[in-house]
Amino acid sequence: MSRIKINKLSVSYGSHEILKNIILDIPDRRIIAIIGPSGCGKTTLLKSLNRLLDLNEDVRVTGDILVDGADIYSADTDVTVLRKKVGFLPQRPYPLPMSIFDNVAFGPRIHGLDVSCALSGIAGTTDEKTIRKSGKAGMNLLVEHYLRLAGLWDEVKDRLHAPAAKLSIGQQQRLALARVLSIEPEVILADEPTSALDPISAKLAETQFKILKENYTIIIVTHILRQAKRLGDYIVFLYMGVLVEHGPAAQFFSAPQDAKTKAYISGEIS
Amino acid sequence: MNSRKLEETLFKIFMMASLFLVFLALAGIVLVVAMKGLSALNLSMIMETPKGGYYLGKEGGIANAIIGSLYLMTGATLLSLMISLPVALALQKEYPGKRFCDLTRLVLDILWGTPSIVYGAFGFVMMVYLGLRASLLGGIMVLTLLMIPIMSRAMDEAVRMVPFELKEMSYALGATRFETTIAVVLRQALPGICTGVILAIGRGIGDAASILFTAGYTDDIPTSLLDPVASLPLAVFFQAGTPVPEVQARAFASALILLLIVLVINIIARLLGWRFSKNIVR
């Protein structure tokens with residue numbers, strides 16, 4: 001299981017410093033909630049973890065981030081391998097311009113995932129015959145598996161080859177989840193994954209995260225304090241680009257140390 | 001009526017009038033061309049090449065120009081597509097950086113605005129230099145040059161409309177730039193890319209000046225790339241310039257055929273674009 005260590009991380013866009021000297025060890029196999037007011041650098045911190053920040057112009061990153069002991073900002077890091085290990089779930093679940101099936105199969109295809117190998121790794125699949133299915137039949141099974149894992153299978157099983165863009169936004173978010181799960185990541189970064197959803201879809205998504213945390217490290221950015229309380233096992237509080245406080249959820253919410261944290265939890269600042 | 005409401009009404013009238021003018025222009029062109037040309041339009045006009053004395057009103061048709069234009073257009077469209085699509089995809093900011101993109105766009109825009117007679121003259125000079133005479137090959141090359149800026153800029157706009165978040169999604173899954181471009185950008189931009197092809201064909205097929213010196217004109221259907229080739233715009237031009245009324249009517253009939261070809265291409269492209277757009281993300 002991946003361990004993420006952030007050491008003296010600073011990020012700036014042009015002359016504007018977004019994150020300042022962040023030092024943090026992220027525990028694994030749990031839900032880590034990054035909270036803080038809008039514009040405090042939550043998303044930037046999240047996107048720095050799988051180098052999605054690289055896609056922005058004028059961005060400068062100093063310090064280092066170690067994933068399993070390797071500095072991901074070193075020159076010999078293969079970002080495609082990193083992004084396979086550290087998956088990303090966006091705020092707005094853009095489906096890729098293809099069918100529902102192809103959206104889920106996209107990741108395994110580009111990474112050349114060995115379907116039979118992936119199938120054998122899936123919990124509960126011990127049937128030799130199933131595992132030996134490769135090629136098209138194997139991919140069908142794989143897509144079904146991840147759609148089930150994301151809680152979307154029953155709603156789409158009869159129209160797998162319909163355009164993904166036709167799904168409702170709640171379904172699109174679960175499709176995005178299936179898509180990120182399909183690349184077999186160890187860590188899932190989720191950027192306010194329920195902010196575009198209606199309350200029912202949001203609840204569904206939260207339930208899914210609680211199930212998934214058994215097998216994945218989930219780092220979720222949220223500006224909803226109650227969501228952080230419901231989901232988070234470990235809380236990271238950012239304010240104006242500075243890491244103010246972090247700790248296990250129970251301790252963080254019941255006995256906050258910093259004055260800013262107290263003010264934020266009580267609703268005095270937001 | 002208060003002044004804001006008046007403003008609203010006046011502006012609406014102005015817009016409606018402008019729209020009406022656009023429709024009127026198309027209707028007027030089709031009507032005049034059809035009225036003057038329909039009498040001369042018949043099967044032999046489409047099926048036959050000019051016989052002796054055709055330009056004095058005797059028998060024959062303009063199959064040479066119809067087929068010539070289709071040859072020219074097919075060749076030039078394929079060639080410019082092969083060049084324009086990579087240009088448009090390369091103009092994504094991930095590839096050469098913003099400055100180089102802006103410079104390339106400026107160059108393409110200048111080329112777009114260059115009059116086609118200049119392309120024709122340039123092509124002619126190049127052909128003389130290379131020892132080529134007016135031919136299908138020369139015509140295709142010059143039309144390709146003429147079509148590239150239009151096609152690549154139109155495709156570039158379509159590619160630029162692809163939401164950044166969509167590309168980010170693909171990169172986030174561990175896709176490379178190439179995989180993202182082929183699997184995501186190309187699919188999402190496909191309807192716009194079709195439009196780009198149509199715009200370029202529209203300009204290419206109707207252009208007379210650029211192929212006047214480079215493709216030449218002949219009464220025969222070319223059998224090799226090095227033969228001269230006739231074309232519809234030049235057929236219209238030459239026939240309209242004769243003093244014989246029957247031949248002038250044939251000029252309008254030729255124009256009508258050209259219009260119909262453009263119409264058919266447009267309809268096909270719309271249908272393709274509509275088919276390709278079912279997967280795109282709005």
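Reader: How do you know which strands of chain A belong to the open sheet with mixed pairing?

Author: Two strands pair if DSSP finds at least two bridges between them. On that rule, 6 strands of chain A line up as β6-β7-β8-β3-β9-β10, with mixed pairing. Strands here are DSSP runs of E, at least two residues long; helices are runs of H or I, at least four long; both are numbered from the N terminus. This is a predicted model, where local features need pLDDT of at least 70 and side-chain atom pairs count only at pLDDT 80 or more, while totals for chains, interfaces and linings use all residues. Residues are numbered from 1 along each chain as its sequence is written, with chains lettered from A and ligands numbered from 1 in the order in which they are written.

Reader: What makes β6 and β10 of chain A the edge strands?

Author: Each pairs on one side only. β6 covers 86–89 and β10 covers 242–248. Neighbouring strands of the sheet are turned by 15° against each other on average, direction ignored.

Reader: How do you know that β9 and β10 of chain A pair, and in which sense?

Author: Count the bridges. β9(A), residues 234–239, shares 6 of them with β10(A), in the antiparallel sense. A:Leu238 stands opposite A:Leu243 of β10(A).

Reader: What does helix α8 of chain A touch, and at what angle?

Author: α8(A), residues 169–181, packs on the sheet and touches β6 and β7 (187–191) of chain A. Contact means C-beta atoms, placed from the backbone, within 7 Å. The direction of α8(A) makes about 170° with that of β6(A). Axes are lines fitted to C-alpha atoms, for helices over the stretch in contact, and angles run from 0 to 180 degrees between N-to-C directions.

Reader: Why is strand β3 of chain A called mostly covered?

Author: A residue is buried if 20 or more other C-beta atoms, placed from the backbone, lie within 10 Å of its own; with 12 or fewer it is exposed, and in between it is partly exposed. In β3(A), residues 31–35, 5 of 5 residues are buried. Side chains in a regular strand alternate between the two faces of the sheet. Here A:Ile31, A:Ala33 and A:Ile35 are buried on one side, A:Ile32 and A:Ile34 on the other.

Reader: Which way do β3(A) and β8(A) run, and how many bridges join them?

Author: They run parallel, joined by 4 bridges; β8(A) is residues 217–221. A:Ile31 has A:Ile218 as its bridge partner. β3(A) and β9(A) also run parallel, with 4 bridges. There A:Ile32 partners A:Tyr234.

Reader: Why are A:Glu184 and A:Glu192 classed apart, one partly exposed and the other buried?

Author: Set the counts against the cut-off. A:Glu184 has 19 other C-beta atoms within 10 Å, so it is partly exposed. A:Glu192 has 21, so it is buried. A:Glu184 sits in the loop between α8 and β7 of chain A. A:Glu192 sits in the loop between β7 and α9 (199–212) of chain A.

Reader: What is notable about phi at A:Glu184 and A:Glu192?

Author: Most residues other than glycine have a negative phi. Phi of A:Glu184 is positive, near 55°. Phi of A:Glu192 is positive too, near 40°.

Reader: Why is B:Ala134 called buried?

Author: Its count is 22 C-beta neighbours inside 10 Å, so B:Ala134 qualifies as buried. B:Ala134 lies in the loop between α5 (116–130) and α6 (136–160) of chain B. Beyond four places in sequence, its contacts are B:Phe213, B:Thr214, B:Ala215, B:Gly216 and B:Pro228. The C-alpha atoms of B:Ala134 and B:Gly216 are 5.1 Å apart, across 82 residues of chain.

Reader: How do you know that the span of helix α3 of chain B agrees with its length?

Author: The expected span is 1.5 Å times one less than the number of residues. For the 28 residues of α3(B), 63–90, that gives 40 Å, and the end C-alpha atoms are 40 Å apart, so the two agree. α3(B) bends by about 25° at B:Leu81. A bend is the angle between axes fitted to the seven residues ending at a residue and the seven starting there.

Reader: What makes up the secondary structure of chain B?

Author: 11 helices and 0 strands. Buried residues make up 38% of its 282 residues.

Reader: Which residues of chain A meet chain B, by type?

Author: 23 residues of chain A contact 22 of chain B. The chain A side divides into 14 nonpolar, 5 polar and 4 charged. Nonpolar means Ala, Val, Leu, Ile, Met, Phe, Trp, Tyr, Cys and Pro; charged means Asp, Glu, Lys and Arg; the others, Gly among them, are polar.

Note on methods:
Contact = placed C-beta atoms within 7 Å.
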